[in-house]
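Here are some notes for a colleague who is starting to read protein structures. Please keep the model open beside the text and look up each residue as it comes.

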Amino acid sequence: MQVAEVEAFVAIAASDSLSGAARRLSVLPMTISRRLASLEEQLGVRLVHRTTRSVSLTPEGELYLPYAKAMLEADEAARAAILTFAGAASGVLKVTAPTVFGQTVILPMIPALLEENPSLKVDLILSDSIIDIVGLGIDVAIRIATLRDSALIARHLAPNPRVICASPSYLRRRGVPNTLEKLRMHDCIGLHSMPYWPLIKGGERFSVKADAPFSANSVEAVRAAGKLGLGVVMLSYWDVRSDLADGSLQEIKLTDALPEHLTITALLPTRQQVPYRVKAFLDKLGQILIAPEGGCAVELDPGHAP
């Protein structure tokens, strides 16, 4: 059996129609029909029930589907391994990342990545929730959080300290808090996944409850609320770096505590046979996160550490 025949069957299963499978693979419906018939003849079973409007898998088709997908994945992995030696990225790169980081850092670099690797396709999944990258077949996950122990392979890419900030209009109206005690008197906008703000005081972890008339479940909403003057926000540097640069948000530095420092980390399902497309993506991302002279693009400020 040929890979194209197995690919046609998998496309039919995903599309529920021959025409949909044809569009997915950019071929004629007649081609899909021929490939399916050839595959069924070789296997000696009927894989698909056909009607005038739709198709459905037979019990044999349901049984064969996971094996067919595994065959396609093996074929893609073999091609990627071969192309590794030629220095070319190919296939579909599946990436997941936090929403704001993905929109402001990863998405702008995609045009150059695709131009440098014409055989590459990118499937970007933006989510502020932790998703199962193994179960969803994701090549690499970019995380900005304290990582839990897991079987995943972690690669640290760059520091990403949390930043306390607010809009200039809010600070003019309410004043600039420079201590923990004064910070508690302000509207601290909470992110649902982080109801307490993590800080370091006297070398030990400390937290302040985020309490304001407004809270939200996404980083983007909290960031926007801060820029609108609804209160003080704590977000990571790479989430607000453009806002700090253009002045729509202003950093607040406390004299008796520091926000928790995070890192930008790439999580891989395994360290075995990592596709070249993943290496190409991480290399390109690293060029953005690290300054040209080799130093970190983030300016850490140890001078006011407690």
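The numbered points below go from the whole protein to single helices, strands and side chains.

1. Before anything else, please keep in mind that this is a predicted model. The protein has 10 helices and 14 strands, and of its 306 residues 41% are buried. If we take the contacts with a separation of 6 or more, 72% of them are between residues that lie 24 or more positions apart.

2. Helix α8, which spans residues 219-227, is a good place to begin, and its buried residues are V219, V222, R223, A225 and G226. These residues cover an arc of only 160° around the axis, so they lie on the same side of α8. The general background is that an α-helix has 3.6 residues a turn, so residues three or four places apart point the same way. As for what this side meets, the buried residues of α8 pack against α5 (99-116), β7 (190-191), β10 (215-216), β11 (233-236) and α9 (237-246). After the helix comes G229, with a positive phi near 85°.

3. One residue of that helix deserves a second look, namely R223, which is located in α8. Is R223 buried or exposed? Its relative accessible area is 10%, which is under the limit of 20%, and R223 therefore counts as buried. A polar atom of the R223 side chain lies 3.3 Å from the backbone oxygen of D239. When residues up to four places away in sequence are left aside, R223 touches V100, L235, D239, S242 and D243.

4. Strand β11, one of the elements against which α8 packs, is covered on both faces, since V233 and L235 are buried on one side while M234 and S236 are buried on the other. It helps to recall that in a regular strand the side chains alternate between the two faces of the sheet. β11 is joined by four bridges to strand β6 (residues 153-166), and the two run antiparallel. Within this pairing, C165 has V233 of β11 as its bridge partner.

5. An open sheet of three strands can be followed in the order β9-β8-β13, and its pairing is antiparallel. Its edge strands are β9 (204-209) and β13 (258-259), each of which pairs on one side only. Strand β8 (residues 196-201) is joined to β13 by two bridges, and I200 stands opposite L258 in β13. Two lysines should also be checked here: K201 lies over the face of F206, at 5.3 Å from the ring centre, and K209 lies over the face of Y196, at 5.2 Å from the ring centre.

6. How many aromatic pairs does the protein contain? The count comes to two. In one of them, the rings of F9 and Y64 have centres 5.5 Å apart and planes at 45°, so this pair is described as tilted. It links distant parts of the chain, with F9 in helix α1 (residues 3-15) and Y64 in helix α4 (residues 59-86), 55 residues apart, and both F9 and Y64 are buried. Y237 and W238 form an edge-to-face pair, with 5.7 Å from centre to centre and 90° between the planes. W238 has a relative accessibility of 4% and therefore counts as buried.

7. Helix α4 also holds E76, which shows how positions far apart in sequence can be compared in space. The C-alpha atoms of E76 and P275 are 9.4 Å apart, although the two residues are 199 residues apart in sequence. With a relative accessibility of 29%, E76 counts as partly exposed. Not counting residues up to four places away in sequence, E76 touches G91, V92 and R277.

8. The last point concerns the backbone at S26, which lies in the loop between α2 (18-25) and α3 (29-43). The phi of S26 is near 60°, a positive value in a residue other than glycine. By way of background, most residues other than glycine have a negative phi, and that makes this residue a reasonable one to inspect by eye. S26 is exposed, because its relative accessible area is 67%, and the limit for that class is over 50%.

Terms used. Residues are numbered from 1 along each chain as its sequence is written. This is a predicted model: local features need pLDDT of at least 70, side-chain atom pairs count only at pLDDT 80 or more; totals for chains, interfaces and linings use all residues. Side-chain values use heavy atoms; hydrogens and water are left out. Buried means under 20% relative accessible area, exposed over 50%, partly exposed in between (1.4 Å probe, protein chains only). The arc is that of the directions from the helix axis to the C-beta atoms. Contact means heavy atoms within 4.5 Å. A polar contact is a pair of N or O atoms within 3.5 Å; within protein, one must be able to donate a hydrogen and the other to accept it, and residues adjacent in sequence count only if both atoms are side-chain atoms. Rings of Phe, Tyr and Trp (its six-membered ring) pair if their centres lie within 6.5 Å; planes under 30 degrees apart count as stacked, over 60 as edge-to-face and the rest as tilted. A charge sits over a ring if NZ of Lys or CZ of Arg is within 6 Å of the ring centre and within 35 degrees of the ring normal. Two strands pair if DSSP finds at least two bridges between them.
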